[in-house]
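Please open the model in your viewer and keep the selection panel at hand. The tour proceeds by selections, each followed by a description of what is to be found there.

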Amino acid sequence: MKDVIIVGSGPAGLTAAIYAKRAGLDMLVIEKNYASGGQVLTTYEVDNYPALPGINGFDLGMQMREHADKLGAEFLEAEVISVKSEGAVKQVVTDNGTYEAASVILAMGASHARLGAPGEEEMTGMGVSYCATCDGAFFKNKDVAVIGGGDVAVEDAIFLARTSRKVWLVHRRDELRAAKSLQQKLFELENVEVVWDSVVEQIEGSDQVEGIRVQNVKDGTKQEIAVQGIFVAVGILPNSGSICEEALKDEKGYFEAGEDCATSVPGIFAAGDIRTKALRQIVTAVADGANAVTGVQNYLLTR
Ligand SMILES: Cc1cc2nc3c(=O)[nH]c(=O)nc-3n(C[C@H](O)[C@H](O)[C@H](O)COP(=O)(O)OP(=O)(O)OC[C@H]3O[C@@H](n4cnc5c(N)ncnc54)[C@H](O)[C@@H]3O)c2cc1C
C-alpha cells in the first residue's frame, strides 16, 4: 500500500509528485495520457509562468515531468475509474488494476468546453484559444472575437480590449448572462462590439485564424468578421465525473476544497483545476500540488 496515489500528471499532479518524493513518501502517479503536462501540452506558448517567459507548453510539461522523474517519482499509465475511501485505505480502481493507498490526491484537471464549430480543432493554438489571461498578449493591436455571454466571456472581452484593437463579443442570445457590473464596464468600452443572437458557423483560416462566419439565429442572416484571434469562453468542465462520489462537489462538479486542498473525505485531497477556486492557472495548480502534499503529511501523522 502506497502512502499517496496522485491521479493526473498536469502541473498540480507533477508538483505533488515532486513534493511527495522530497517528503520521502511512498507514492504513485496514475496518468491516463501517454504524456504528462495536462492542459499545458495544448498551449503553444506560456508567457506568465515566472522565470520561464515564452516557454513552449509542451516543453514546460516535459520539464516538470523530468523534474519528477529525476527525484524517482513512480508513474503508471492508466485511467482512473473510481476512488473509494474504506476508512484508512483508499481504493483506486483503474482500467489496469486496483491500487491501494493511505491517501489520494485528485489532480484530474478540467477541460474547456468546445464550441463545436468547423475549424476549431485544427486552429487551436493557431489563433483559437480558451484562455484570454494566458494568450491575450499575443493579440496586441489585433482584432479578436470572444465567444460566449457569461462572466468569463465578458471578463475576457474587457481584458482583451485593453490591448487588442477591436473585440467582437459573439453571443447566441439577446442579453448577456454576466453580472450587471461587468456588463456596465463592457458597454463603456469603445472598442468592443457585441454581435447579438449569433452563433459561430465556421472558423476561417489555413495555418492561422483569419476570421469567423457567424449566423443570426433569429433572422438567419450571415456575417463574415475578420479576426486574428478567437477566445472561446462557453464554459469549463471539471474532469471529476463519477470518480469520487463520496467527496462533496459544487453545482458545477468541482471538488469543494480550500487552499489546504482537503476534500470532505479525510485522506482525499483535490489539487489544481479540479477544485473550487477563483483562478485556474499553472501557478495556482502548482501551488495546490505543494499544499496537497502538506495536507497528506499532516493526515498521515494524525490518522
Ligand atoms: C489552451 C490552454 C492554454 C493555457 N495557457 C495557460 C497559460 O499560458 N498560463 C497559465 O498559467 N495557464 C494556462 N492554461 C491553464 C492551465 O493549463 C491549467 O490551469 C493547468 O494545466 C491546470 O493544471 P492541473 O494539473 O490542475 O490540470 P490539467 O493540466 O488539466 O492536468 C490534469 C491531468 O490529469 C489527467 N487525468 C484526467 N482524468 C484522469 C483520469 N481519470 N485518470 C488518470 N489521469 C487523468 C489528464 O490527462 C491530465 O494530464 C491554459 C489552458 C489551456 C486549455
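The stops below go from the domains to the ligand, then to the sheets and the cores.

**The two domains**

The model is a predicted one. Begin by colouring the chain in two parts: domain 1 comprises 2-111 + 236-302, and domain 2 comprises 114-232. Their centres, taken over C-alpha atoms, are separated by 32 Å. Next, select the residues through which the domains touch: seven residues of domain 1 are in contact with five residues of domain 2. On the domain 1 side, this set consists of two nonpolar, four polar and one charged residue.

**The ligand**

Now select the ligand together with its shell. Where does the ligand lie with respect to domain 1 and domain 2? Both domains give residues to the shell, so the ligand lies between them. The residues around the ligand number 39, and those that come nearest are Gly8, Gly10, Gly38, Gly109 and Gly272. Four elements contribute two or more residues to the shell: helix H1 (11-22), strand S2 (27-31), strand S9 (110-112) and helix H7 (282-302). By character, the shell divides into 18 nonpolar, 16 polar and five charged residues.

**Strands S1 and S2**

Remain with strand S2, which has just appeared in the shell. S1 and S2 run parallel and are joined by four bridges. To locate one of these pairings, select Ile6, whose bridge partner in S2 is Val29. Four of the five residues of S2 are buried, so this strand is largely enclosed by the rest of the structure.

**The largest nonpolar core**

Select the largest nonpolar core, which has 52 residues; Val7, Ala16, Ile105, Leu106 and Phe269 touch the most other members. At least two residues each are supplied by strand S1 (2-7), H1, S2, helix H2 (57-70), strand S6 (80-86), strand S8 (97-106), strand S19 (268-270) and H7. Which element gives the most to this core? H1 does, with seven residues.

Centre the view on Leu106. Beyond residues up to four places away in sequence, Leu106 touches Val7, Val83, Cys244, Phe255, Ile268, Phe269, Ala270 and Ile274. A second, separate core has 37 residues, including Ala145, Leu176, Leu186 and Phe231.

**Val104 in strand S8**

Select Val104, which is found in strand S8. Is Val104 buried or exposed? There are 32 other C-beta atoms within 10 Å of Val104, and a residue counts as buried at 20 or more, so Val104 is buried. Leaving aside neighbours within four places in sequence, the contacts of Val104 are Val4, Ile5, Val7, Val83, Lys90, Val92 and Ile268. For a distance across the fold, draw a line from Val104 to Ala287: these residues are 183 apart in sequence, and their C-alpha atoms are 17 Å apart in space.

**The five-stranded sheet**

Finally, display the open sheet of five strands, whose order is S10-S17-S11-S12-S13 with parallel pairing. The edges are strand S10 (128-129) and strand S13 (192-195); each has a single partner strand, so one side of each is left without a neighbour in the sheet. At the S10 edge, the pairing with strand S17 (residues 229-232) is parallel and extends over two bridges. Select Val128 to see one position in detail, with Ile230 of S17 standing opposite. When inspecting such strands, note that in a regular strand the side chains alternate between the two faces of the sheet.

Conventions:
Residues are numbered from 1 along each chain as its sequence is written. This is a predicted model: local features need pLDDT of at least 70, side-chain atom pairs count only at pLDDT 80 or more; totals for chains, interfaces and linings use all residues. A residue is near a molecule or strand if its C-beta atom, placed from the backbone, lies within 6 Å of it. Ala, Val, Leu, Ile, Met, Phe, Trp, Tyr, Cys and Pro count as nonpolar, Asp, Glu, Lys and Arg as charged, and the others, Gly among them, as polar. Domain bounds come from an automatic or database domain assignment. Two residues are in contact if their C-beta atoms, placed from the backbone, lie within 7 Å. Two strands pair if DSSP finds at least two bridges between them. A nonpolar core is a set of buried Ala, Val, Leu, Ile, Met, Phe, Trp, Tyr and Cys residues joined through C-beta atoms within 7 Å. A residue is buried if 20 or more other C-beta atoms lie within 10 Å of its own, exposed if 12 or fewer, and partly exposed in between; C-beta atoms are placed from the backbone.
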